[in-house]
Amino acid sequence: MGINSLRKEFRRFKDFNYYDNLVSNKFYLLPFNFRRLNSKRELIISMLGDFLIVPEGTVEKLVLKDIKGIDENLYYDLLSNHIVHDSKDIKSLELLSNRYRAKKSNSFKFAQLHIFVITLRCDHTCQYCQVSRVSENKGKFDFSKNNLYKGIDLMLSSPEDDLTMEFQGGEALLAFDRIKEAIAYTKSKAELLGKRINYVICTNLAPISREILEYCKEEKILISCSLDGHENLHNENRKRPGRNSYDLVSQGLNLSFEILGRENVSALMTTTSLSLEHPIKIIDEYRQFGFKSVFLRPISPYGFATKNKNSTYQTAEFIKFFSDGLDYIIDLNKNGEYFKETYTSILLKKILTAYTENYVDLMSPSGLVNSVMLYDYDGKVFLSDEARMLAQMNDYTFQIGTVNDSWENLLSSPVIEKISNAGVNDYLAGCSTCAYNIYCGADPVHHHATQKDMYGFRPDSSFCMRNMSVLDIIFNKIDTDNEVLEIFKSWVNNE
């Protein structure tokens, strides 16, 4: 029975005795968490992620089972949003279990994203680079063909049939011939195994050429590039000889649009301390290039980025930057221009639909292993890109082996069991009672890197502070502005 059918069933007229007996006989609380909004109204979120914004005092009435103090229409909303239940009928509870299973469906999968660090060579010295990069002529820092083929064999032995193979660096295009070899080998094997492969190249676009793009078009390869904002900011963040990084990315984007089409080209920005004063300029830069979204992304607290003064700032500074940017984007939508903020959209899919994005940071159980694997240029296998960044600082906690190992050996690594324990926020202290639990993740790599503990201490966690603040912003906007919810729905519906 669907939600609408249940709602119709609940709304049938009952006699007065039904309500008299409700508290003692038929009124049961289902698991929910709650939070007070700026308006003093209360936000109640069910275990499935359904939410209601209710009058102040509603939670107290629920806990006391004071049904007579709750408005009749509100009571039916509480029923249909699975915050209360009026019977112990197991068939009704099956609906909850099915929806909860759908919400956690990504947990039943194996890694679909496989990242190959094809080279450490790079032609930039970016302010926030998390890894050790080497000059362009040091070919020994490329993925060897032997190790690369072993890594591909591992990827193709995954039980998943739909896989994404992503090439990173350094600057991946400095090893373009090795990329072509990897794709040729992958295609020859994948067809025999019935695997479908999506290819992505992450690049700063400096080495891009018409020849490279024609090859990408032929092989249906997506291009993901870095665009930090307007010219001065981009050049300062992403330094290279000649200070022409922006000119090169601009030329590369336009050529990529021409040959691949806009739908096959994406861009990603990183927020440094230099970015904090320019949220609107950054957003306008993305609009200028014709993008319909921007990911206002904080810097990652890993590797060599932690040693650069432009790569460190307080979480509260980022939240102000994010909030100002989101306000501007919402105003654009109110004025008729479709444009969205990507991180907000990821959260909104969790909030407004029965499903969830396959976004590692916001997965519980953790998306390590069941979402992403990374093969480093030297054949080491890590549980994520962030894990590889930690290894650059001699912290190999999240390395599970090398491409010479079998999946059986890789997945028997002791770190897998530790992540299984630390990567489920349903029972972590500070997470299990958080209103936003169902929308969030655990991120044991982040907490290991910042707090030296995979479990983390939530009151001091920048991960928690950032996500709670962003979700507060989202729900306070929904609470106080009638237009915002419709705008947010359009972001989810137009994906």
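# Strands, helices and a buried asparagine

Me: Which residue stands opposite Ile-44 in S3?
Reply: Phe-34 stands opposite Ile-44 in strand S3. This is a predicted model, in which local features need pLDDT of at least 70 and side-chain atom pairs count only at pLDDT 80 or more, while totals for chains, interfaces and linings use all residues. Residues are numbered from 1 along each chain as its sequence is written, and side-chain values use heavy atoms, with hydrogens and water left out.

Me: How many helices and strands are there in the protein?
Reply: There are 19 helices and 17 strands; these are DSSP runs numbered from the N terminus (helices are H or I with at least four residues, strands are E with at least two).

Me: How do you know that S2 and S3 pair?
Reply: Two strands pair if DSSP finds at least two bridges between them. Strand S2 (residues 32-36) and S3 share five bridges, in the antiparallel sense, and therefore meet that definition. The two strands form a hairpin with five residues between them, and Lys-40 in the turn has a positive phi of about 75°.

Me: What makes S3 and S4 a pair?
Reply: Four bridges join S3 to strand S4 (residues 51-54), again in the antiparallel sense. Ile-44 stands opposite Leu-52, and the bridge partner of Leu-43 is Ile-53. S3 and S4 also form a hairpin, here with four residues between them, and Gly-49 in its turn has a positive phi of about 95°.

Me: What is the order of the strands in this open sheet?
Reply: The three strands are ordered S2-S3-S4, with antiparallel pairing. S2 and S4 stand at the edges with a single partner strand each, so one side of each has no neighbour in the sheet. From one strand to the next the twist averages 20°.

Me: Why is S3 described as largely enclosed by the rest of the structure?
Reply: Five of the five residues of S3 (residues 42-46) are buried, and the strand is therefore largely enclosed. The term "buried" means under 20% relative accessible area (exposed is over 50%, partly exposed in between, with a 1.4 Å probe and protein chains only). Glu-42, Ile-44 and Ser-46 point one way from S3, whereas Leu-43 and Ile-45 point the other way, and all are buried. In the protein as a whole, buried residues make up 56% of the 495 residues.

Me: Why is H17 also called largely enclosed?
Reply: Six of the eight residues of helix H17 (residues 444-451) are buried, so the helix earns that description. The buried residues are Pro-444, Val-445, His-446, His-447, His-448 and Ala-449. Their cover includes helix H14 (385-391), helix H16 (414-422) and H18. Just after H17, Lys-452 takes a positive phi of about 60°.

Me: Why is Asn-476 called buried?
Reply: Asn-476 has a relative accessible area of 12%, and is therefore counted as buried. This residue lies in helix H18 (residues 462-480). Neighbours within four places in sequence set aside, Asn-476 is in contact (heavy atoms within 4.5 Å) with Leu-37 and Asn-38. The C-alpha atoms of Asn-476 and Arg-41 are separated by 9.8 Å, although the two residues are 435 apart along the chain.

Me: What is the angle at which the axes of H7 and H8 cross, and what is that arrangement called?
Reply: The axes of helix H7 (residues 176-193) and helix H8 (residues 210-219) come within 12 Å and cross at roughly 15°. H7 is therefore roughly parallel to H8, the class for angles under 35 degrees (over 145 is roughly antiparallel, 65 to 115 roughly perpendicular and the rest oblique). Phe-176, Lys-180, Ile-183 and Lys-187 of H7 make the contact with Ile-212, Tyr-215 and Glu-219 of H8. By class these are four nonpolar, no polar and three charged residues (Ala, Val, Leu, Ile, Met, Phe, Trp, Tyr, Cys and Pro count as nonpolar, Asp, Glu, Lys and Arg as charged, and the others, Gly among them, as polar).

Me: What is the angle at which H12 and H19 pack, and how is it classed?
Reply: Helix H12 (residues 315-334) and helix H19 (residues 482-493) pack at about 90°, with their axes 10 Å apart. This makes H12 roughly perpendicular to H19. The residues in contact include Leu-326, Ile-329 and Ile-330 of H12, and Phe-488 and Trp-491 of H19. The full set divides into seven nonpolar, one polar and two charged.

Note on methods: Axes fitted to C-alpha atoms, helices over the stretch in contact; angles between N-to-C directions.
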